[in-house]
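Hi everyone, thanks for having me. Today I'd like to walk you through some charged side chains and one strand. Let's put the structure up and start with a question.

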Amino acid sequence: MSIILYTVATLAIIGATAAIILYFVAQKFKVFEDPRIDEVEESLPSANCGGCGFAGCRAFAEACVKATDLGELNCPVGGAETMESVASILGLEAVKKAPRVAFIRCNGTCDHRPKTNAFDGASTCAISAASYGGETGCEYGCLGYGDCVAACEFDAIDLRAGMGVPLILDDKCVACGACVEACPKNLIELRKMYPKGRKVVVACRNEAKGGVARKSCEVACIGCGKCEKVCNFDAITIENNLAFIDSDKCKLCRKCVSVCPTHAIIEVGFPPRKIKEEEKESSTAK
Amino acid sequence: MLKTFNLGGVHPPENKLSADKKIENLPLPKTVFIPVAQHIGAPASPVVKRGDEVKVGQVIAQSSGFVSTNIHSSVSGKVKKVDVSADSSGYSKQGIFIDVAGDEWLEEIDRTEELVKEFNLDGSEIVKKIQEAGIVGLGGATFPTHVKLVPPKGMKAEVLLLNGVECEPYLTSDHRLMLEKADEIMVGIQLLMKSLQVNKAVIGIENNKPDAIQLLTEKAKNYQGVSVVALKVQYPQGGEKQLINAVTGKEVPSGALPIAVGAVVSNVGTAFAVYEAVQKNKPLFERVVTVTGKGVSKPSNFRVRVGTATSELVEAAGGLPENTGKVISGGPMMGRAIPSLDVPVTKGTSGILLMQEEESKRGEVLNCIRCARCVSVCPMGLEPYLLMTLGEKNIFDRAEDERVMDCIECGSCSFTCPSHRPLLDYIRYGKGKVGQIIRSRK
Amino acid sequence: MKNIFTVAPSPHVHSNDSTQKIMYRVVYAMLPLLAWSVFVFGLDALRVTLIAVVASLAFEYLIQKFLLKVKPTITDGSALITGILLSFNVPSNLPWWIIIIGALAAIGIAKLSFGGLGGNIFNPALVGRVFLLISFPVQMTSWPVNIKSGIDAVTAATPLGIIKESTSIADALNSLPSITDMLIGNTGGSLGEISAILIILGGLYMLWKKVITWHIPVAVIATVAIIASIFWLINPDVYINPAYQVLSGGLMLGAVFMATDMVTSPMTPKGQIIFGVGIGLITISIRMFGAYPEGISFAILIMNAFTPLINNYVKPKRFGGK
């Protein structure tokens, strides 16, 4: 009997002492954390891609909770839906952001851009770009080793080995911007997304003079300025022998596509044009 | 026992095919392209424009800062244009195109072969002449020489070291220069000694050039304070820090300049250029270039005007061999593979090496087997295998702690790796990134 | 046609050495040992080696081809070495299926699950050996008698077994083979461990071909010799002559062929000496105070685990001090 008593008593004393110590330790090292951080974090996609500009979803959630206005904060992966749920948790207003999509501004695939030398170093764009201008005459174009593919957390870039230029898969791209950072040639741009994945883009970054650019690549922008003149929406600017279409101003009228002499401006996602085929026929007839 | 440096090193096959070929003058080209950035530091700014008539030796681009140099015309003729053209990396760089007409030199240049021994300029006057003549280190690094000759405040040079090592395989331009212009080099050394106010100069020459060692030892007897030391053949002995270590036994501390141990290192080719600049008023617009390679029918040493296209040199050495796979500007260890033969010779071009198809591809990259060869050959005592991994994984703070910035890019690690791993590629990349991080901190 | 030149960052020449060449040099260094084991144990030794080699190569090929779906690397010679080394560490009368299990443990568990050649933390052959030693202790420690002694193969004790089991040193010395026999390899034991002279010969060949450096073998053997000498000098009645400690068991084989495995040993000479001393200390401790008569395999594996730590803390001598 006394054994049971002693046992119970000893355990009770140890338990009580431990509880008291724990209580004081907890008081001493207490860190206040807003419970909303966890809530916000849960509503995020947990991709930890860094597309928001923060080191992972947790850091973004902390920033959201601290912020008084969500205007500057955006989770590109989750998009408007996620931001709305974040806003509702925090009792703030969601600012609607137009969805964006990445695009590689180079169309210099192997058939357009003849090889002038063969790079035999470590197969990454970063190392290749740091030591040489590239395997073709164009020092601005895509190197094709796929640093962007490696940087993409969403499998949204297809290397297209052998083609020379990777392809971004619009349906998977969340516009996190990791590839933009990874590309040493600065080719990738986050453009406004239009319905059906339609876009009109200058697929070239070549800043060399027209003749030089054309010699190195069939589909290089030569900076002739025809597109700038034909554009009714001031969406096109020419700088350093290179045209650029502002995707926020572009209305997808496609006038520039038809005037471009080198087919540097490309249209994506449109049904095939009738006029174009007629033109082709007439040119072959000649 | 011959002297050499303490740590690491490799011994690639020497292949000095052109060692007994006298230096010949290369025929004048029809056009030249003279880049304005041929040195470390700020590019020079062009002072001529299209249509200007220029003479040989005339300044065509002015130095744009202290760490920068003048660029002189290497030919006479008419400026065709000032424009960009692809350099040895394939990136466009600014330069001056000149159509050659005749060979008219500036009058003040003494074109005779006569040796001018006496000089009565003081140190700063000599430095000024060197600066005006656009002289850079001709060993390949192309660091402006006048900068080296003005030590930072509070530091004093004690000894001048002359680099006659030529540790790169194949190259023989310095070797030939030492044999053919020994007296001129000696006078150049006297001038450099005077400008640095040192009374001791040591010429380091690797033991595979016994004729040069013998000749220069003989000549050195007539010049106060100059001596020659024979060194064991070991790459990268021509590296500044390695040469200082081999000759004086001192180690330049990490991150410091050679002057920290009282040494200034200059190439023998630079000493010759200094002689010409000071005693003959001839700026740096031509240099000796070795054209070599296993398939080359006439391996040669040429005196070449800066701006001459590589193709002209290849033509003069018997034409481009059928199976050329790689063209290297410089030596096989640290030289640069060039993408086309249009690339011009610059002040830093010590050789043109044509490699055959089968020599020019790297082997298949296999797993690291941790054999530690890269560690044992690294002349800076680094761990290349680790630095490569850190570069691959973008862990730059650790790379900095592991002293990636100490790497001299000699390539001994990649040379020796049995798994053909691109060690130096990644180390160089990591070094670039760490350099950016360090600069952004300031 | 315009030439398309290759461009690449420097250097543009290579030493011509290759991983494969290094691996085959190790194989060459082991061949005399193999020949000697056949001479001593008869064709059984060849049978064990062949099974081990074929099993190792087959597992490497099959796992890489069908499980990992990568290009098989059986031609690089590393699986060949693992196979030979595994066979060197087992008795010549080991049943074939046990050898195959050992090869699977070595190649499958110790090597390929860590990423293949270069990725493994532990020496694959030793993992195989220890796996077998723990799983099949009886078969792994029944040593056939030297066929030259004329008796038909039954089990006999190894020198270390004799030392462990003898009641006194004097008793042990009576039944131990002579030092000369142990040098030449005229004793019982695993295939590759018996002839000290041939092991040293192989080691010298690898030193000459720069496959290994002297640091690890010398550190291991010197540590064992020094510790054994100290104990022997204190009390020669209880502790055996250091010459026996050095020459018996797998110490020589382990020090020369297994501790020096590039993949699992430290990178710097200083680190290699620490590694070697550690192996020596653990080996002698197990031999003197442990339950097993031999401890070199455990010692090497334990120090293998320390290799990353040693690499992390022991840096080469940097140029320019600090």
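Does E402(B) count as buried or exposed? Have a look before I tell you. E402(B) counts as buried, because its relative accessibility is 6%, and the cut-off for buried is under 20%. Please keep in mind that this is a predicted model.

So who is the partner of this side chain? E402(B) forms a salt bridge with R398(B), and the closest N and O atoms are 3.0 Å apart. R398(B) itself is partly exposed, at a relative accessible area of 27%. This pair joins a buried residue to a partly exposed one.

Let's move to chain A for two further pairs. In the first pair, R36(A) and D34(A) form a salt bridge, with 3.1 Å between the closest N and O atoms. Here D34(A) is buried at 18% relative accessible area, while R36(A) is partly exposed at 30%.

In the other pair, R58(A) meets D38(A) in a salt bridge, 2.6 Å from N to O. Where do these two sit? R58(A) is in helix α3, residues 56-66 of chain A, and D38(A) is in helix α2, residues 35-43 of chain A, so the salt bridge ties together parts that are 20 residues apart in sequence. As for exposure, R58(A) is partly exposed at 24% relative accessibility, and D38(A) is partly exposed too, at 36%.

Those are examples from a longer list: over all chains, the count comes to 47 salt bridges. Some of them link up into a network. In chain B, one such network holds D103(B), R111(B), E276(B), K282(B), E286(B) and R305(B).

Take R305(B) from that network, and follow it into strand β14, residues 300-305 of chain B. Why do we call this strand largely enclosed by the rest of the structure? Because six of its six residues are buried. From β14(B), S300(B), F302(B) and V304(B) point one way, whereas N301(B), R303(B) and R305(B) point the other way.

And which strands pair with β14(B)? Strand β1, residues 23-25 of chain B, runs parallel to β14(B) and is joined to it by three bridges. One residue to find there is N25(B), whose bridge partner in β14(B) is R303(B). Strand β13, residues 286-292 of chain B, runs antiparallel to β14(B), with six bridges between them. There you can spot V291(B) standing opposite S300(B).

That's my tour, thanks for listening!

Notes
Residues numbered from 1 in each chain as written. Chains lettered and ligands numbered in written order. Predicted model: local features only at pLDDT ≥ 70, side-chain atom pairs only at ≥ 80, totals over all residues. Heavy atoms only, no water. Salt bridge = Lys/Arg side-chain N within 4 Å of Asp/Glu carboxyl O. Buried < 20%, exposed > 50% of the residue type's maximum accessible area, 1.4 Å probe, protein only. Helix = DSSP H or I, 4+ residues; strand = E, 2+ residues; numbered from the N terminus. Pairing = 2+ DSSP bridges.
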